[in-house]
Amino acid sequence: MEQKNETSTDFILLGLFPWFRHPYLLILIVLLIYTVAFAGNSILILLIWLDSHLHTPMYFLLSQLSLIDLAYISSTVPKMVTNYFTGKKNISYFACVTQLFFFLTLGLAECILLTLMAYDRYVAVCNPLRYTVLMNPKVCLQMAAAARIGGALAALVHTIYPMNFPICGSREINHYFCEMPAILRMSCIDISAYEMVKFVSTIVFLLVPFIFILTSYTLIFLTVLRMNSSKGRNKALATCSSHLTVASLYFGQAIFIYMTPTSSHTPEQDQIGAVLGTIVTPMLNPLIYSLRNKEVVGALRKCMGRSWSPGSKKVNRRLRLHMETADWENVSEAQQEAGRASWNHSSTTGFVFTSLFNDSRMHLFLFSMVVVVYTLAMASNAAMVLLIWADARLHTPMYFFLSQLSLLDIFFTSVTVPKMIAGFLFGWISISFGGCGAQMFFFMFLGATECILLALMAYDRYVAICNPLRYPVLMSRRTCLLLVAASWLGGSLNSSIQTALTLQFPYCGSRKIAHFFCEVPSLLRLACADTAIYELVLFVTGVVVLLVPIAFITTSYALILAAVLQMYSAEGRWKALATCSSHLAVVNLFYGPLIYTYMLPASYHSPGQDDVVSVFYTVFTPMLNPVIYSLRNKEVTGAMKKVIGKCGVSRTA
């Protein structure tokens, strides 16, 4: 059998789960995790560097962990993503050796570093008086250097030996990167001796450190139980539990892959373990440490608030305190009567939002998720607009409407979310009367426009499937522009009426809006006049803007389904159903929460229910729209590959 280990021979990476039917879905998830991991670890490093309160041995070692994670995840994911979008699966012998070396170096360095972090926690809890001596800056630097040097030496050994084994037969690596077990499977000689060396190395670099970590935390736990202060116990357990979670996630998959013989686990199991260790864990590390650590959260708020001048902080704090502590029930009737006539028309008076989140760990996690989802919504919708603009094959009525939908979603989610984020981070929970009116106008304007646009998109699909021969005439460029203009004009007209009617009510008593933005049902609860007639007007408007479009969409898709069932071509049926099902999914996600909010009287749902439903259609739906359309549409994914391919060609040129 021919041996192929010359440096001129390339290997072929089959990719992540090559048997999976929807690889683009995996790639998008991996890209999302990679983005979150890169951003989270970078922010954690900057926070520790900027905040002097975090200049301690524990946070120094944590910054080193984040630095290693940044390099660790970047040693595999960019190559995998590039291979998918360019369609090139080959990797040169030298590149494979380099990738394997850096992967092992960083992985082993992280094992050593996690052990040193356990030692740091042991000294801090069990020997606090000697902590400054045992963990001085010089010792910390030596620890960080030892972790990297130890990882590099061990990686050098385990890179040279496997890559010198003769390779025969197929050069396909059943993995998404050059990992040792995947390479060993291609060897055509007996590797049992090396498997024994690998087993011994694994004991030294994985099992012994893991036992050391468990021993350290056992001693820490026994010390914590003897503490008199419950606050001290909780703080010590919170700090150590986050480290123990990270260690368990990382060491578990590594022990499974490297302490068992290569023949005892399948390539699929290797890939699952690698994904957990190289992609998921680097993302979770900064989240676990930040969400379970008040010092990190406090540093984040402090850094975010540095641009806020001290004077404005004091003014805002006084305003917030005044608005939150004002007890309107104890104010005299004469004073309330005097306030009813004028305060909502004054330019110096406004409303106060109740924050959607508090300082609990669960709410901090939810807040982080909302920020991530908002970022994804902005990025994905902007990418969709650029793709449709850049690819000539997408210059059709359907994609023109889709670009308008993405444009609407960018504005729609930006009307409410940035204000909510600023309110949570900086305490800016007040809003002027004019600002509230503007926010309400744009929110209703964009929401109503999207309702009309979704109905027009259903009409476009109806004409394309049921009247394909007349489609170029009925959906000409001029018609599309007129339809889009009509949707924007209709949304503007509806919003003007609703905003004017809502703001003309006298508002008295508490100025707290039990919501995170100015929405009609929340404001109506503050009105001190009878709103029954206006709620009837709101219901009629809901019928016109919500129920009529839904009835139109349902009818269109009923006719489409009847036409599809009569098609002779199975491929044509599947294509029509795939295109329409994505649109129908978006419609259900958007219309459902809106009907609940605007077609039921305000007294039928609580402020808490309004918050949950509003988050769904103002944050999550704008993120899901481009994902649903791109994942279920080969033309969009093809355009994405084409654009990325052009970038790759221009760079190589």
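**Aspartate 460, helix H2 and a nonpolar surface patch**

Beyond residues up to four places away in sequence, aspartate 460 touches Pro397, Met398, Phe401, Tyr471 and Met475. The structure is a predicted model, and the contacts of aspartate 460 are described here on that basis. Aspartate 460 lies in helix H17, which covers residues 433-466. Its relative accessibility is 1%, and aspartate 460 is therefore classed as buried, the limit for this class being under 20%. One of its contacts, phenylalanine 401, is separated from aspartate 460 by 59 residues in sequence, while the C-alpha atoms of the two residues are 8.9 Å apart in space.

Helix H2 comprises 18 residues (57-74), for which a span of 26 Å is expected at 1.5 Å a residue. The C-alpha atoms at its ends are 26 Å apart, so the model agrees with the expected value. Helix H2 is also mostly covered, as 14 of its 18 residues are buried.

At the surface, Leu493, Ile497, Leu501, Ile533 and Val537 make a nonpolar patch of about 450 Å². Two or more residues of this patch are given by each of helix H19 (477-503) and helix H21 (532-565). The most is contributed by H19, which gives three residues. Isoleucine 533, one of the patch residues, is placed in helix H21. With a relative accessibility of 66%, isoleucine 533 counts as exposed, because this class requires a value over 50%. Aspartate 460 in helix H17 is thus assigned to the buried class at 1%, whereas isoleucine 533 in helix H21 is assigned to the exposed class at 66%.

Definitions and conventions. Residues numbered from 1 in each chain as written. Predicted model: local features only at pLDDT ≥ 70, side-chain atom pairs only at ≥ 80, totals over all residues. Heavy atoms only, no water. Helix = DSSP H or I, 4+ residues; strand = E, 2+ residues; numbered from the N terminus. Buried < 20%, exposed > 50% of the residue type's maximum accessible area, 1.4 Å probe, protein only. Contact = heavy atoms within 4.5 Å. Expected span 1.5 Å × (residues − 1). Patch = residues over 30% accessible without salt bridge, like charges linked within 9 Å, V, L, I, M, F, W, Y side chains within 5 Å. Areas by Shrake-Rupley, 256 points an atom, 1.4 Å probe, with all protein chains shown as cover. Salt bridge = Lys/Arg side-chain N within 4 Å of Asp/Glu carboxyl O.
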